[in-house]
Amino acid sequence: MPKVTFIEHNGTAHTVEAKTGLSVMLAAITNNVPGIDADCGGECACATCHVYIEPEWQAKVLAEAGAPAAQEASMLSFAATTQDNSRLSCQITVTEALDGLVVRMPEGQH
Amino acid sequence: MGQETDRIVVVGAGHAGGSVVAFLRQYGWSGPITLVGAEPIPPYHRPPLSKAWLKGEADAASLALRPENFYADNAIELRLGTVATAIDRATHTLSLNCGESLAYDHLILALGARARKLPLPGADLVGVMELRTAADADRLKAAIGEGRRLAIIGGGYIGLEAAASAQALGAEVTIIEREPRLLARVASPPLSTFFQDFHRSKGVAIELDAGVEALEGQGGQIAAIRLSNGKTIQCDAVLIGVGAVANDELARACGLSCGNGIEVDAASRTSDPAIYAIGDCTFRPLEPYSRNVRLESVPNAIEQSKQAAASLCGRPPPAPEIPWFWSDQYNIRLQIAGMPFDVTETILRGDPATGSFAVFHLAPDATVRSVEAVNAPPEFMAGKLLIAKRKPVPRERLADMAVSMKDLL
Ligand SMILES: Cc1cc2nc3c(=O)[nH]c(=O)nc-3n(C[C@H](O)[C@H](O)[C@H](O)COP(=O)(O)OP(=O)(O)OC[C@H]3O[C@@H](n4cnc5c(N)ncnc54)[C@H](O)[C@@H]3O)c2cc1C
Ligand code: FES
């Protein structure tokens, strides 16, 4: 199974197994990774699954998951602490090519 | 006593109960945790029950809050299909319907709410349903295929979402609402008008100002609804969606302070220091509005779960949140932030005819108190920030779509 590493704002890293076909958000929820709340359960309605894609993974995530669709882009543009490499993790599907993905979490999700 | 040995018992395995046990482990609680729930399955998402799940677009795995092995992996003992019947605060014990009792050092009540019943003649006929649990949703799903006639009593969110899902499955839907408009208690008039028009355009019939006199059956099965306006609606099934009431009886019976739900403070503590309460069953302070309210939403259940877990684990309390809610009907996403308390002014941004607009509600000092955004995520997200900031906004600019929400922050 591909592995995804979530790094908390305080630097604590959590490397977890992530099922292909499911979202990066679900990999965090399944493994009780702190910092991903996912209030809406992956409906792109809450922006509490916000992550920063590590720069070296940005191109690959773009190739695998595409650019943010309209709903995700507009949610993100107003999320607290948005950066160029921000994504909503419920909108990224885990694939074999994303094995080793590293994402960081913002200070808070609200 | 220390964390190592302190026993936490959570009663109610819904969204709040399922979340608080996860946060407790995230925050490092190492003592034993038991989660007691009346339903036969582990905690799951209720929002899809009237949306994707009802339409058959979600599977059981996606409904679950956490995967099945999560509880064992995190040393959380699950006691499903088990009802707590009494709390003995003096001895710190919880009685269960199986005759057993559980000792606790800390008790968390996450009892939720239940669908309000209507004291109507015929309410016990076969085919008269409510929608709160997965079992309810399965019954409803089985009743709403192609050409089936579904009458929905109550034009609130659950009724409207169920109407949209049933319509998508080919059912003939009638919504019956006692008030002169849909969503009367929970949304502003422009929203009501928009959703009324939208549902009607999809072929859903809507009866407003219509009380229900009786449910009429044939051979024990629902057949029609007799309305106060003299009409009779023929139907194969009825969904009653007229709000929910807090499950606070367990708390009342043991003498905890209750209002419209179990009274808690900003850390979700009840009047007994050994007992917390979270989610739909609570009557909680809402700091940004200096009021106590009972909220029924997933974000509220999660916020209070964090408050209780942080308090138990000795962590600083989480930052207060602006309450919010979402509803999906057809291809419409409604997102609401804040509460319309002390508002004196309404500002419409965008044109409802385009299917994308927002209604802002302002206090006399021109601060935003709440926003209702229809297919308008920027207005929702920026509105939430504006509510938190309590910064007065220029009214004309807020109403002007040419001004970006970014420039209003
Ligand atoms: C159809 C539907 C659609 C919804 N859509 C949305 C939405 O779009 N967005 C949103 O934010 N919210 C939505 N909600 C509301 C949201 O689901 C609730 O706010 C949330 O589930 C509250 O969580 P809770 O844990 O407080 O209560 P619940 O999830 O109701 O859980 C309470 C649990 O406690 C159990 N229980 C009660 N008493 C006892 C006892 N004595 N012993 C043992 N167990 C007991 C109950 O059986 C239940 O399983 C929806 C709700 C429904 C029903
Ligand atoms: S989980 Fe809500 S937007 Fe991703």
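## Close-ups of chain B

**View 1. Leu49(B) sits in a loop of chain B.** In this predicted model, you'll find Leu49(B) on the stretch that runs between β2 (33-36) and α2 (60-63) of chain B. Is Leu49(B) buried or exposed? Its relative accessibility is just 3%, so Leu49(B) counts as buried, the cut-off for that being under 20%.

**View 2. Here are the contacts of Leu49(B), leaving aside neighbours within four places in sequence.** Leu49(B) touches Tyr44(B), Leu54(B) and Leu63(B). Leu131(B), Arg132(B), Thr133(B), Ala134(B) and Ala137(B) are also in contact with Leu49(B).

**View 3. Leu49(B) and Arg79(B) make a pair to look at across space.** Count along the chain and Leu49(B) and Arg79(B) are 30 residues apart. Go from C-alpha to C-alpha instead, and the gap between Leu49(B) and Arg79(B) is 23 Å.

**View 4. The largest cavity holds about 40 Å³ of space.** How many cavities of 30 Å³ or more are there? The count comes to one. Which residues line the largest cavity? Its lining is made up of Arg284(B), Leu286(B), Leu295(B), Pro299(B), Asn300(B), Glu303(B), Glu321(B), Ile322(B), Pro323(B) and Trp324(B).

**View 5. Now for what the lining of the largest cavity is built from.** Two elements of chain B, β21 (282-286) and α8 (298-312), each chip in at least two lining residues. The top contributor is α8(B), which gives three residues to the lining of the largest cavity. Sorted by type, the lining residues of the largest cavity come out as six nonpolar, three charged and one polar.

Notes:
Residues are numbered from 1 along each chain as its sequence is written. Chains are lettered from A and ligands numbered from 1 in the order in which they are written. This is a predicted model: local features need pLDDT of at least 70, side-chain atom pairs count only at pLDDT 80 or more; totals for chains, interfaces and linings use all residues. Side-chain values use heavy atoms; hydrogens and water are left out. Helices (H or I, at least four residues) and strands (E, at least two) are DSSP runs, numbered from the N terminus. Buried means under 20% relative accessible area, exposed over 50%, partly exposed in between (1.4 Å probe, protein chains only). Contact means heavy atoms within 4.5 Å. On a 1 Å grid over the protein atoms alone, a cavity is a set of points where a 1.4 Å probe fits but cannot get out, and a pocket is an open set with protein on both sides within 12 Å along at least five of seven lines; lining residues have an atom within 4 Å of a point. Grid points are joined across faces, edges and corners, and a volume is the space filled by probe spheres set on the points. Ala, Val, Leu, Ile, Met, Phe, Trp, Tyr, Cys and Pro count as nonpolar, Asp, Glu, Lys and Arg as charged, and the others, Gly among them, as polar.
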